[in-house]
Amino acid sequence: MRWYDKLFKPKKFTLTNGKTVSQKFTRAPLILLLLLVVLIISVVVTGFSLPTLFTNFTQFWIVFADLFPPKWSYFPSVWQPLIDTIKMSFFGSFFGALCALPLAILSANNVTNSRVVNLVARFVLTIMRTLPTLVAALIATYIFGLGTFAGTVAIFIFSMSFVGKQLFEYIETVNMGAYEALIATGANAPRSFVTTIFPQILPTYLSTSLFAFEGNVRYAAILGYVGAGGIGMILNQKIGWREFQSVGMILVSLFVAVVLIETLSQQLRKYLS
Amino acid sequence: MNKKLEDVLLTQPKRAKYYITAAVLVLAMLIWSSSALNQMHVTSKGLSIGWNILEGIITPDTTLLFGGGDSGVAYLILQTISIAFLGTIVGAFIAVPLSFISATNIVPKPIVVITRFVIMAIRTVPSLVYGLMFIRVTGPGPFAGVMTLAVVSIGMISKLFIETIEDLDSGILESLDAAGSTLFQKIRYGVLPQLSSDFISILAYRFDMNLREATILGLVGAGGIGAPMIFAMSGYEWHKVGAILIGLFILIFVIEYLSDKLRQYLLHG
């Protein structure tokens with residue numbers, strides 16, 4: 001930033017005791033200019049235009065109005081896929097969280113004292129996290145065939161990477177005193193880990209896993225779009241057939257399910273902390 | 001001495017019953033949900049496709065990966081970043097007033113209940129559904145993606161904004177009042193400095209998330225890097241898929257690193 005200070009001279013003040021202090025020129029114009037440039041590039045690249053938005057926005061409400069009233073008689077056929085979605089998220093989240101623990105332990109540099117192992121484990125976590133869940137689901141449908149199993153695999157991968165990352169960052173902040181004391185008395189590393197560090201991380205571990213489960217229910221709803229089972233399959237189908245009132249019914253059931261699960265899991269998380 | 005230790009050990013609360021109930025519950029749910037695995041049918045074809053994907057990532061299509069023009073990975077990445085950036089900005093524009101009228105320290109309780117319900121409802125609709133709705137408004141392309149991300153971001157941004165606004169320290173405002181500040185001065189020196197760093201950090205976090213979302217919007221034709229990837233996949237052109245996936249990895253990795261750095265700078269100076 002030195003060139004900037006040279007361009008805009010800092011303001012000098014002379015205090016009553018003869019000392020001079022300088023106040024650097026404000027950075028606001030530079031930041032605003034940068035933001036403006038990025039904004040203009042984005043607008044050009046995406047073809048964003050406010051006039052189109054205002055003239056055509058009624059279309060949005062037309063589609064929106066089509067969703068109402070939801071077709072209640074369609075509910076029986078929503079039930080099974082909805083349950084499938086919840087099953088997928090629960091199974092995937094549970095095993096994802098379970099497998100996240102060893103990965104997190106390998107990634108934390110205060111428990112695993114090997115730079116190479118840390119780096120490899122973190123690299124695995126990063127790769128899995130950068131893969132968008134929907135893409136993972138798509139690849140899974142190619143390998144495991146269409147259906148809920150592919151969705152479960154995608155959710156498993158996401159939960160494992162998410163919980164793994166949160167957990168290893170948390171493990172690195174725990175109090176190591178008790179662990180070192182136990183090692184000093186001659187206990188082996190796994191034994192000391194389970195008795196001293198595990199109780200410290202358990203509440204965070206459980207609440208992160210629950211949080212992942214919450215998000216997964218919401219996310220599993222769209223996995224069906226690529227054929228990975230659950231409520232997204234019928235959602236995609238009904239949108240394709242333009243049966244918008246059935247779509248409305250699906251969205252209402254999803255809303256109720258998500259609200260119920262979120263409230264439940266928030267209560268559990270509050271209890272844990 | 002030993003007796004004392006034993007006494008302490010015995011006074012620890014008995015939680016066995018509680019643990020067993022929790023374990024049984026989780027186990028029951030696992031068994032119930034294991035039917036999600038029924039639809040697995042791995043065939044030799046599936047395995048060979050899996051192998052092909054791996055091979056495609058290792059030997060990507062270099063002309064696509066390093067190519068310029070409208071179909072090169074570089075341009076697609078630029079487009080994806082633009083969609084995510086503009087989507088975050090537009091979303092923030094809508095979320096700021098919405099969060100001020102949902103903060104309990106600013107408006108009365110009944111209004112808060114209504115606005116929070118609206119925010120919750122906005123959050124429930126999956127992004128792909130919004131994508132399909134906005135394609136009717138703007139036509140297929142990145143513009144639809146921008147609007148979709150804007151609406152999808154409202155939920156999370158306003159939820160976090162509300163928390164920040166409710167944490168406002170009113171003592172500062174009172175002391176500014178006592179010093180005789182005008183309303184504008186109170187906002188400029190009392191409110192903005194308290195909110196700005198948190199707001200920017202929330203937006204940086206959401207931008208990071210929007211980028212991931214933007215990569216999948218291509219599925220419904222809303223622009224970004226997703227659409228060419230889907231086409232390449234359904235055409236079994238795994239080398240192209242590999243090139244796009246590599247671009248995606250690098251993009252998300254770099255942005256995540258930058259947004260982490262920005263947020264740490266904002267929080268700790």
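Trainee: How many residues does each chain bring to the contact between chain A and chain B?

Mentor: Chain A gives 44 residues and chain B gives 47; two residues are in contact if their C-beta atoms, placed from the backbone, lie within 7 Å. Keep in mind that this is a predicted model, where local features need pLDDT of at least 70, side-chain atom pairs count only at pLDDT 80 or more, and totals for chains, interfaces and linings use all residues. Residues are numbered from 1 along each chain as its sequence is written, while chains are lettered from A and ligands numbered from 1 in the order in which they are written.

Trainee: What kinds of residue make up the side of chain A that touches chain B?

Mentor: That side divides into 29 nonpolar, 13 polar and two charged residues. Ala, Val, Leu, Ile, Met, Phe, Trp, Tyr, Cys and Pro count as nonpolar, Asp, Glu, Lys and Arg as charged, and the others, Gly among them, as polar.

Trainee: Nice! And why is chain A called more spread out than a compact globule?

Mentor: Its radius of gyration, taken over C-alpha atoms, is set against the globule rule, 2.2 Å times the number of residues to the power 0.38. For 273 residues the rule gives 19 Å, and chain A comes to 27 Å, well over that, so chain A is more spread out than a compact globule. Its C-alpha atoms fill a box of roughly 85 × 70 × 35 Å along the principal axes.

Trainee: What does A137(A) touch beyond its neighbours within four places in sequence?

Mentor: Its contacts there are A150(A), G151(A), A154(A), L223(A), V226(A) and A228(A).
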